[in-house]
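Trainee: Please take a close look at a single part of this model, the place where two chains meet, and walk me through it.

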Amino acid sequence: MEPVYVQLEKYKRGLITRREYFKRLAALGVATPAIMTWLETGGVSAAQETATIAPEFPPQDEIDSKPIVFRGWAYEPTVVEDNVRIFEEQFTENVDYQTVSGDYDLIIDTMQINNEPLDMFYGHEIGIGRYILQGQLLDYSSWWDFERATAEMLPAFTEAWTWRGDGKLYGLPYFSSVRGTIMVNTAYTEKAGLDTVQLTTWDDFYDLCRQMKADGVVEYPLLNHWFATPWATAWQFLWENHNRGIDLWDFEDAYKPLFGGDHESTKTLETWAGLFADGIHPESSFNMSEGGYVDGFATGDFMFSPQQTYDGKRLNDPAMSQIAGLVDFAAPPEGAPWGKIEQGGYLLPKRERTDQQLARVYRHNSFFGYRDINDELFVAKRWAIDHALNSSYSAILEDPDVLAAYAEWMPGGERQFNDMGQYFRQAVWNPFHQCPWFLEWQIPAKEELESAILGRKSPQDAMNDLASATNELWERYRDVILSNQG
Amino acid sequence: MAELSPASQDQSSRPRRFGLGMTDARFGLLLSLPVAAILILLNLYPFLYSFWLALRDIDLRFGIDEFTGLDNFRKTLESQDVRDAMWRTVKYSVQVTVYSTLLGLGMAILLNEKFHGRTLLTALILLPWAVSTYAAGIVWRFLLSTETGLFPAVLFRLGITDRPPNLMNIDTALTWIAIAHTWHIAPLGVFFMLATLQVIPQDLYRVGRIDKLNAIGRFRHVTLPYLKAPLLIVLILNTISAVNVFDLIYFTTAGGPGAATRVMTYEVYTTAFLNLRLGLGAAEAWLLLILVILVTLAYVRVLYRKEKKISTGEAAA
Amino acid sequence: MSSRLTAKRVIIYICALLVALWTLVPFYWLLNLSFMFNVEMNSAITHFYPHDFTWSNYVRLFNRHATGPGGVDLLPIPHGQFIRTGLKNSLIVAGVTTPLTLLIAMPCAYVLGRYVFPFRNSIVMAILLSRAYPAIAAIIPLYKMWSSLGLRGTHHGLVIVYLSITVPLVVWIMMGFFNALPRSLESAARVDGCTRFQTLYRVVLPTSLPGIAACAVIAFLLVWNDFLFAFLLATGSSALTFPPTLSNMFFQYSYPTEASAATVLGVLPVAIVAFVFQRWIRKLNIVDPL
Amino acid sequence: MQQPETGSNNIRLNHVAKHFGSEVAVKDLELEIEDKELLVLLGPSGCGKTTTMNMLAGLEEPTSGEIWFGSRQVTNVPAEQRDVAMVFQTFALYPHLNVRGNIGFGLKTRGTSKDVIAQRVSEISHLLHIEELLDRKITELSGGQRQRVSIAKALVRKPFLFLLDEPFSSIDAILRRELRTEIVRIHREVKTTMVFVTHDQEEAMSIADRVAVMRGGELMQVGPPLSLYDEPANLWVAKFIGAQPTNVVPANLGERGGMAGLFDGSCAMQVDEGFFDRVAAATDSRTVTLGVRPEFVEVSAASRGASSLAARVYTLQVLGNQILYDLEIGTNHLLAITSSREHFRVDQSVFVDFDWPNVMAFDAVSEARLKI
């Protein structure tokens, strides 16, 4: 057996797994007063696991003096606080957790630029390109569970967390979802005499919407993903074209835009303008917030709407929705891509840390983005069960507890749960989201796309104008990006 | 022979507080020093600093920071987006100014009449001004929203439209926000004009009646001459407030639909903060600043004579 | 003659009614939404008053459960904690800024309104210009400065910024107020043995209390109501004031009912304060003190 | 009246001037205020009397010159260190204090003990008969009461110098008369130097030990009221002092015993020879300005010969036991006051004579009074 400090070194460098390390330590029979203290204060069930815990790692006094700094998005902060508490108990740790509310990207960017202390923060996959270019992000490839965790994730979801520039993993997901999952208000399908809704292509789907309008089933068959938030319309444009197999970007040349007036994607925009002109989609959506958009569908005025998978719970909640118990997923097309991956995860900012601190941060981040002390996907499962935020970890997608929770909210029970799994497996990742100037691009994209949908501009002009705005961005940042991908 | 009174002895035995050196000039300078410091450090310095920023290409997100001279100004002036935003700002400001000044005048005239509940109404109309622009934005957002709004619901219930209409559309959004702004800012003008209306000698109206002026004539020949100066100042203040609008847009349409409500402040916000390009944002802000300065100069011109009066008036008294 | 007068009175009352509606209906609508359950608000036909009146949106902002229609358990509103912290921070920042503003502004307003001294006109002009300076333009350099000075996201950082707004305004207002005071009171005080400084705090300030109180209210409102500076100089920090925390209820998942209740919490105190002090506020010539 | 004595507590203004920018408020003022006298600064508005008073109070600093309080130079000493008290036209009572607080304020700022303050306040309120007002608010007082309080407030400190700035101008006429007597009484009791500013010559004449008449920032004349009346320094003072304006009659005296041309020769009368001689002794010029107070113009129904001027009654006013006539002589007018019971009617033709021993003569150019 190697001495403890050698094993510690290996552990820090990720040469041995945490489990292996703990096992060896336990075998050495190391015990200190710290563990005694912990046993006195800790819970009974946790005490069984303590045998495998390294009592000397990290030293108690250091934990107290330097908390791990965690900043999260202001979604259900009470749940996160509780998770923090559990983590602190499981590992006798010290975490400084605060939530951020407001313009998240701006705030995190500001914190990063100002080098404010940070060990883990909430982020979307769409942010990592930007943070990496700022030189602010640390990857997870030296994390001890790196290989095991990536093997458990659906590949497309892993890809989303992997920076195209260096192929390294930069985020651990605590929830995953598919944006663009078609929700169906079954009150109207019943009225129309439809049994199920089986999607095939976006064009077929839009034809179905037109049909419903023509049949007088509903005034507005569709509430498309076109609301006031800057990225809304832009995102659907990205994913729908991706689903349609239309390439918008030259990824090899620092996201050079391929679109323009004559490009195939202009047809997508033409289709959209047609939907609006024909009264398939309501005008009011352009003033809705993201929440208002979900609530808009909850009013029961619409038949279909591309939403997040987890919104099924909210839409079927009688305390929130007028159409509780009536919201179903449309079945995704067989084998064809649909919607877009969307995940919330935990990122690891670069900052001066000792190796020991880094080990603590790894342990902390893997608790929130992977497994707890009992080797359970604790955090992910909790979100899936309590809030329908599902996970890209296959284990969660197949977990009977999660299924049971879903069956409680969703009228379609197991069938719906399976449909959701299907969406997950067919969802795609548009690598453009990793583009460092993605935030800047959303603003002209929203303007141009909306102008075309609302009939203020021809789709050709709008796409030409968007292309020229995009080219400016591309030229401005091309060298920076290429040198970073170098 | 007289002797010094006891009171005088009290006085002479007391130490002097501020020595003989305290003159009016020194007293004035001493007491205005903190304010001067605030003005220099928190207004003047940032003002100059923002010009320095405008001469640089600062892109915090990509860590760019280099001197580019007047390049940002050139880009700003050449940008179609900026031009559109400026034009929207002008359209918006004109609407707000006209609506709020006319409404303020109307309310002031009404409140100058005697009727039951006048005191209460005068107190109530202050409220929209007291609750700030962001709250005005929220309130009007809820009033106008197709799903939860009062106005669309009323139109629908009255059978004017066959479903609750979308009032905040690409054509009307800017006007509705201007109306919300009017709701918020009109009270300030009311108080100002009401104060003036209340000092117009009633005898003038009696003379007006004797001279056979009708109500409109009395307004034109008696009221309006008095209101001229306050009216002008209210106009200018309303304009400045309108040009500087931000919260209202942020809380209602966030610049949309399309770019229908992307006014200049929003353009600056986008460039400087959403895109973190501080240099370019500062240059755009300077363009906005010039617009405001032009309006303010008019303000100063109106006030200039009065200001002159006060500084010499002190001496004479 | 009498019939014409009657017609005029009718018109006056109709106008008064319209003005009252114009002023109050928006507030009514905010309250209306805040007293509804989410389900009722989401009903296809908008209700003009809450058919199922509830305090639940307010209660749930304070981390408590409530019972919804049909006995559904309604969870506390997660955002409530931010709203509560925001209100607390607003109270702290406005509460600190207001007395500081008065302390700094009053002496200056007094000498500007009363004395002739070097740079007087420059200061008046600077105040005038600072009032017209667009906030969005002012905030760009401040954002950079506050970031590098470590003042971003701190209470005192916000207080300093707010002083740069409230002090010029209060000086501007009080300058006119002091100028309109009878001068003989100060002469009397001087003759009674007060120094210039004692004259200010023993005679001028006590006799100006209504004006000072109204200025305190205005300064408080100004800070309490500010969105932009707090939004850009304090987001992401625990010093964030109420308005930006509220703004977050309009981005993602929150209901107009809940957001209305939160808005009412922020608006009600200032509405009450403004209503109580409106007589004094109106007496100040906010617009044109010169 | 007492002869000026150079006491150590006299107040002296040496060549004092005050400029406001290019405006000259007070020009080279030389004035000595005697210990314990009541000096009235009299003049029309804008004459510099208030500025002079402010300089005495220490509220304004002179642009040049010196102010001495006895042997103490106070030119640049601010008001609070001068030991002066002042009563203001607008009363200047502190609205945030009650009557008692107002009266005691000046003592309090000078650190007088509470007991002494209470005692002084009660003394002074007794003197001014305002004991029952002590606990009232200022807003509850009438104008006269406020004025008494403000006088009490000033007097309570037993100041070295007591200044009153038009203290009665915002009070109605009857009360004003009462307060005038009151001021004289108070002055006798408190024995303090008082300077009283007014634009009302009647007020000045009725209360002053001495009156200082100012005009356009310059001191015209200082002296006891009677001497101002009898021996005005110049035509302006002569016109300014007196209940009714002095008649100003430009005259060319001509030859002794001959006819003198009046009003630029528009009429003629024979001048008293004694008067002629006295004028001739004082000046070489035969062209002078006569100042004839209305009470020295005699009106009669019959002519007394060449010394009478024919006139017509234009208007008349009954002033109690006297009658004031406005008489028309050609295109000119003369005022006359008679106490005779003989009435003249409007438009009646009358004859005017001057009471020559009391007629004043002024230099036609400098307007200075000729010492005749």
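Mentor: Of the five pairs of chains that touch, B and C share the most contacts, a contact being heavy atoms within 4.5 Å. This is a predicted model in which local features need pLDDT of at least 70 and side-chain atom pairs count only at pLDDT 80 or more, while totals for chains, interfaces and linings use all residues; pLDDT is the predictor's confidence in each residue, from 0 to 100. Residues are numbered from 1 along each chain as its sequence is written, chains are lettered from A and ligands numbered from 1 in the order written, and side-chain values use heavy atoms, without hydrogens and water.

Take B:Leu278, in helix α14 (residues 278-316) of chain B; helices are DSSP runs of H or I, at least four residues, numbered from the N terminus. B:Leu278 counts as buried because its relative accessibility is 0%, where buried means under 20% relative accessible area (1.4 Å probe, protein chains only). Leaving out residues up to four places away in sequence, B:Leu278 touches C:Ile140, C:Tyr143 and C:Lys144, and in its own chain B:Ile58, B:Leu60, B:Ala272 and B:Phe273. Its C-alpha atom is 7.0 Å from that of B:Leu53, 225 residues apart along the chain.

Two of those partners, B:Phe273 and C:Ile140, are among the residues that touch the most other members of the largest nonpolar core, which has 193 residues. Such a core is a set of buried Ala, Val, Leu, Ile, Met, Phe, Trp, Tyr and Cys residues joined through side-chain atoms within 4.5 Å. Helix α9 (residues 173-197) of chain B gives this core its largest share, 15 residues.

Technical notes
Helix = DSSP H or I, 4+ residues; strand = E, 2+ residues; numbered from the N terminus. Buried < 20%, exposed > 50% of the residue type's maximum accessible area, 1.4 Å probe, protein only.
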